[in-house]
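Let us walk through this structure together, from the overall picture down to single residues. Please keep the sequence and the model side by side as you read.

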Amino acid sequence: MRVFQLPQRRQLKQTTQALSPSTSLYSMWDAVARFAKEIRASEFMSDMISRRDAYGSEGVMGALDCATLYGLTRWLRPEVLVESGGFIGMSSAFILKALADEKLAASKLYSIELSEDCEQGVLIPEALRSSGGFVPMRGRIEHFLEGNQLPQPIDIFLHDSSHSYQHMLWEFRQFWPRLRDGGLLVSHDIQMNAAFPEFVTKTYAHEKKTGRRDMQRTSHYEWGRWGYIGFAIKRQID
């Protein structure tokens, strides 16, 4: 597997404005909700649910979580994404659909799957799979990190592999430093243990006098949960 070396990421005007300290992030929530509503009412959603049910829905992301992931992707307009536990491609399909709808032809999704038995990405419609944005990677995420085979910085990291407390925390800690300023750490199935809320808690810093968040030392801009999806927006601390 070759090492991926990517050019310096362009600054997105939309993202820069959204994450300005003087600008409210309310517009971000509105945009993600609008995109999620749009995809839930679409033929694409109906088609993907049919594909999922025909193949077998065990261990596959549900409609609400897919819509949330689609909305977050469209809002951020990322160039480089990495997901662990890509499996048969339900989440991958919605990420790729968001990239296509935003006309981000150069964006890449590096989808890592450990199991040799599953048909990686089989649910992804052919038009999206063959667009050039889908990069399947088979093996252990630890080995790809050790071999410097994953791009950095990245714009979105999605955890959806082993949902043990230890492994989730490990992935969050590994990929948080690799995210650019304004990048998204996203996790599925955050209800399974305390890893996600514990990790987010560690990104906070508080003022001694007031006990309120110290924006200069807190390493996230915003975080939240919709359905079983949790996310945090990285703030680079100088």
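Is arginine 51 buried, partly exposed or exposed, judged by its relative accessibility? Arginine 51 counts as partly exposed, because its relative accessibility is 29%, a value that falls between the 20% limit for buried residues and the 50% limit for exposed ones. Keep in mind throughout that this is a predicted model. Arginine 51 has a partner in aspartate 47, with which it forms a salt bridge whose closest N and O atoms are 2.8 Å apart. Both residues belong to helix H3, which spans residues 43–55, and they sit four residues apart, about one turn of the helix. Aspartate 47 is likewise partly exposed, at a relative accessible area of 33%.

Now step back to the whole chain. The chain holds nine helices and seven strands. Of its 238 residues, 54% are buried. Among contacts with a separation of 6 or more, 73% join residues that are 24 or more positions apart. The exposed surface comes to about 11,700 Å², with carbon and sulfur atoms supplying 50% of it.

Back to charged pairs. In general, side chains of opposite charge can pair when their charged atoms come close. A search of the whole structure turns up nine salt bridges, one of which joins glutamate 102 and arginine 77 at an N to O distance of 2.7 Å. This pair ties together distant parts of the chain: glutamate 102 is in the loop between helix H5 (90–101) and strand E2 (108–113), while arginine 77 is in the loop between helix H4 (63–76) and strand E1 (80–84), 25 residues apart. Glutamate 102 and arginine 77 are both buried. They also take part in a network of salt bridges that links Glu38, Arg74, Arg77 and Glu102.

Another salt bridge connects glutamate 142 with arginine 140, where the closest N and O atoms are 3.6 Å apart. Here the two partners fall into different classes: glutamate 142 is buried because its relative accessible area is 19%, under the 20% cut-off, whereas arginine 140 has 40% relative accessibility and counts as partly exposed.

The loops also hold some backbone features to look at. As a rule, most residues other than glycine have a negative phi, and most peptide bonds are trans. Arginine 77, which we met in its salt bridge, has a positive phi of about 55 degrees although it is not a glycine. Lysine 103, in the loop between H5 and E2, also has a positive phi, near 60 degrees. With 73% relative accessibility, lysine 103 counts as exposed. For the peptide bond, turn to glutamine 152 and proline 153: the bond from one to the other is cis, with omega near 0 degrees. Proline 153 is in the loop between helix H7 (141–146) and strand E4 (154–159).

Next, find arginine 138 in strand E3, residues 134–138. Which residues does arginine 138 touch, leaving aside those up to four places away in sequence? They are Glu113, Leu114, Ser115, Glu116, Cys118, Gln120 and Phe144. Leucine 114 is 24 residues away along the chain, yet its C-alpha atom and that of arginine 138 are separated by 5.7 Å. The side chain of arginine 138 reaches the backbone oxygen of serine 115 at 2.3 Å, and one of its polar atoms lies 3.2 Å from the backbone oxygen of cysteine 118. Arginine 138 is partly exposed, with a relative accessible area of 33%.

Let us finish with helix H9 and the strands around it. In H9 (residues 195–202), Ala195, Phe196, Phe199 and Val200 are buried. They lie on the same side of H9 because they cover an arc of only 125 degrees around the axis. Thr201 and Lys202, on the other side of H9, are exposed. The buried residues of H9 pack against helix H8 (165–175) and strands E5 (179–188), E6 (220–226) and E7 (229–234). E6 and E7 pair with each other in the antiparallel sense, over six bridges. One bridge joins tryptophan 226 to isoleucine 229 in E7. The hairpin of E6 and E7 has two residues between the strands, and glycine 227 there takes a positive phi near 60 degrees.

Definitions and conventions:
Residues are numbered from 1 along each chain as its sequence is written. This is a predicted model: local features need pLDDT of at least 70, side-chain atom pairs count only at pLDDT 80 or more; totals for chains, interfaces and linings use all residues. Side-chain values use heavy atoms; hydrogens and water are left out. Buried means under 20% relative accessible area, exposed over 50%, partly exposed in between (1.4 Å probe, protein chains only). Contact means heavy atoms within 4.5 Å. Accessible areas come from the Shrake-Rupley method with a 1.4 Å probe; for residues, only the protein chains shown count as cover. The arc is that of the directions from the helix axis to the C-beta atoms. A polar contact is a pair of N or O atoms within 3.5 Å; within protein, one must be able to donate a hydrogen and the other to accept it, and residues adjacent in sequence count only if both atoms are side-chain atoms. Two strands pair if DSSP finds at least two bridges between them. A salt bridge is a side-chain nitrogen of Lys or Arg within 4 Å of a carboxyl oxygen of Asp or Glu.
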